[in-house]
Amino acid sequence: MVSTPRLVIAAPASNSGKTTVATGLMAAFTARGLAVSPHKVGPDYIDPGYHSLATGRPGRNLDAYMCGPELVAPLFAHGSAGCDLAVVEGVMGLYDGASGQGELASTAQVAKLLKAPVVLVVDASSQSRSVAALVHGFASWDPQVRIGGVILNKVASDRHEALLRDALDESGLPVLGVIRRAPQVATPSRHLGLVPVAERQGDAVDAVRAMGERVLAGCDLDALMALARTAPALADEPWEPAYASAEGPRPVVAVAGGAAFTFAYAEHAELLTAAGAEVVVFDPLRDEKLPAGTAGLVIGGGFPEMYAPELSANEPLRRAVTELALSGAPVAAECAGLLYLARELDGKPMCGVLDAEARMSERLTLGYRQAVAVSDSPLAAAGTRMRGHEFHRTVLEPGAGPVPAWGMHQPERRVEGYVQRGVHASYLHTHWAASPEVARRFVEHCRVR
């Protein structure tokens, strides 16, 4: 039984203040000495970095589209084991999910799967009594979603607060916090959202501290903790990455990290380790060599377009990556990794493993995808079906090689990515917890080289 107290932080719409409140709550409760488990609904990689900074624990995603609804509670139980409190930041508006698929992957669905009370963060900057109608509508839309209270954000004055509280008295929902209108906490954004923690270092620490201070000043932490404790126990068994690893040597799997490659799900490294690999993180911006004994390479997502000159200037590492790929070693590259393996990015030479050129684009490509592996690779056998997510403002030409990686079935039919020698490179982000055989297969290919 999983009995971790828990809260889901949701909002009527994006840009209401969910990240500030959720991260601030994590920081404030951690400062009280609690072990706080941080979670994020959906595929987003950036917010969990701030969550991790606030709590000192890995930020974990709960994505009912990529992993399936049946894995949401087990993944939550895995991440929150041994913690005093779990805080789950929602995505978009409370009831917004995968396009055209009802509640799938919405914050509301995740809250129901976790049997967790919801705290609704409302941007009150342009309303007074109407706030009660808005909150009433959200609380009554789905009776299975239990909204346990409201945090009012961007409140202008004592008079404004009094009007809002009077209105909400009629709704029957308690006001658990009031955060005054103030200059935004310094969390700069760019073309794909917030700037990741790894790129901001000291500034990110200051931003998280400021979020915690604002929440501490304006929210009733005791009442929020009491609400979290009303969540009933879950009967789900925790997800477990460990399985019987094959006997033999532990191959070194090098995983790209650093400021240019910040997008990674914590479960991927756990799965690789459980499959028998020795996972070693390296930084393509700084390291001129791959880790000693590298037998396989994982290059995930991130922002190589922001660091193209620096990545290009590290010619020794580019050469080492190229040599490894040409040797037939298993290489799994997602999005940023795909760009890094291309011939060039915005005119800057990259690794040249793929006969393709990448450039920035004005068009945002964003959304969930259904995919099937077109051919055998160290990552997936032909015919393997997976769900994933695309999120980029770059274009690769050509977008698919002679042997593509994936056939896409949503929203349109197309082939995408590259499979050549041991390389599997694609724009598609996937969550391996939904298909642990991917990690097993990859490590076995590393082991038998």
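**Exercise 1. A backbone angle at Asn15**

In which loop, between which strand and which helix, is Asn15 found? Determine also the sign of its phi and whether Asn15 is buried or exposed.

*Solution.* The structure is a predicted model. Step one is location: Asn15 belongs to the loop that runs between strand 1 (6-10) and helix 1 (18-31). Step two is the backbone: the phi of Asn15 is near 65°, which is positive although the residue is not glycine. Most residues other than glycine have a negative phi. Step three is accessibility: Asn15 has a relative accessible area of 70%, and the cut-off for exposed is over 50%, so Asn15 is exposed.

**Exercise 2. A second positive phi**

Locate Ala105 and decide whether Ala105 is buried or exposed.

*Solution.* Ala105 lies in the loop between strand 4 (85-89) and helix 4 (107-114). Its phi is near 70°, again a positive value in a residue other than glycine. The relative accessible area of Ala105 is 5%; buried means under 20%, so Ala105 is buried.

**Exercise 3. A cis peptide bond**

Which peptide bond leads to Pro398, and is this bond cis or trans?

*Solution.* The bond runs from Glu397 to Pro398 and is cis, with omega near -5°. Most peptide bonds are trans. Pro398 is found in the loop between strand 17 (385-397) and strand 18 (406-408).

**Exercise 4. Aromatic pairs**

How many aromatic pairs does a search of the whole structure find? Classify the pair of Tyr65 and Tyr368, then the pair of Tyr95 and Trp141.

*Solution.* The search finds seven aromatic pairs. In one of them, the ring centres of Tyr65 and Tyr368 are 4.3 Å apart and the planes meet at 20°. Planes under 30 degrees apart count as stacked, so this pair of Tyr65 and Tyr368 is stacked. The two residues are 303 residues apart in the chain: Tyr65 is in the loop between strand 3 (60-62) and helix 3 (69-80), and Tyr368 is in strand 16 (residues 357-373). Tyr65 is buried at 1% relative accessibility, and Tyr368 is buried at 14%.

For Tyr95 and Trp141, the centres are 6.4 Å apart with 55° between the planes, and the pair is tilted. This pair links Tyr95, in the loop between strand 4 and helix 4, with Trp141 in helix 5 (residues 130-141), 46 residues apart. Trp141 is exposed, with a relative accessible area of 66%.

**Exercise 5. Around the rings**

Which residue lies over the face of Tyr65, and which residues do ring pairs link into a cluster?

*Solution.* Arg387 lies over the face of Tyr65, at 4.4 Å from the ring centre. The cluster consists of Tyr45, Phe263, Tyr265 and Phe303.

How values were computed. Residues numbered from 1 in each chain as written. Predicted model: local features only at pLDDT ≥ 70, side-chain atom pairs only at ≥ 80, totals over all residues. Heavy atoms only, no water. Helix = DSSP H or I, 4+ residues; strand = E, 2+ residues; numbered from the N terminus. Buried < 20%, exposed > 50% of the residue type's maximum accessible area, 1.4 Å probe, protein only. Phe/Tyr/Trp six-rings, centres within 6.5 Å; stacked < 30°, edge-to-face > 60°. Lys NZ or Arg CZ within 6 Å of the ring centre and 35° of its normal.
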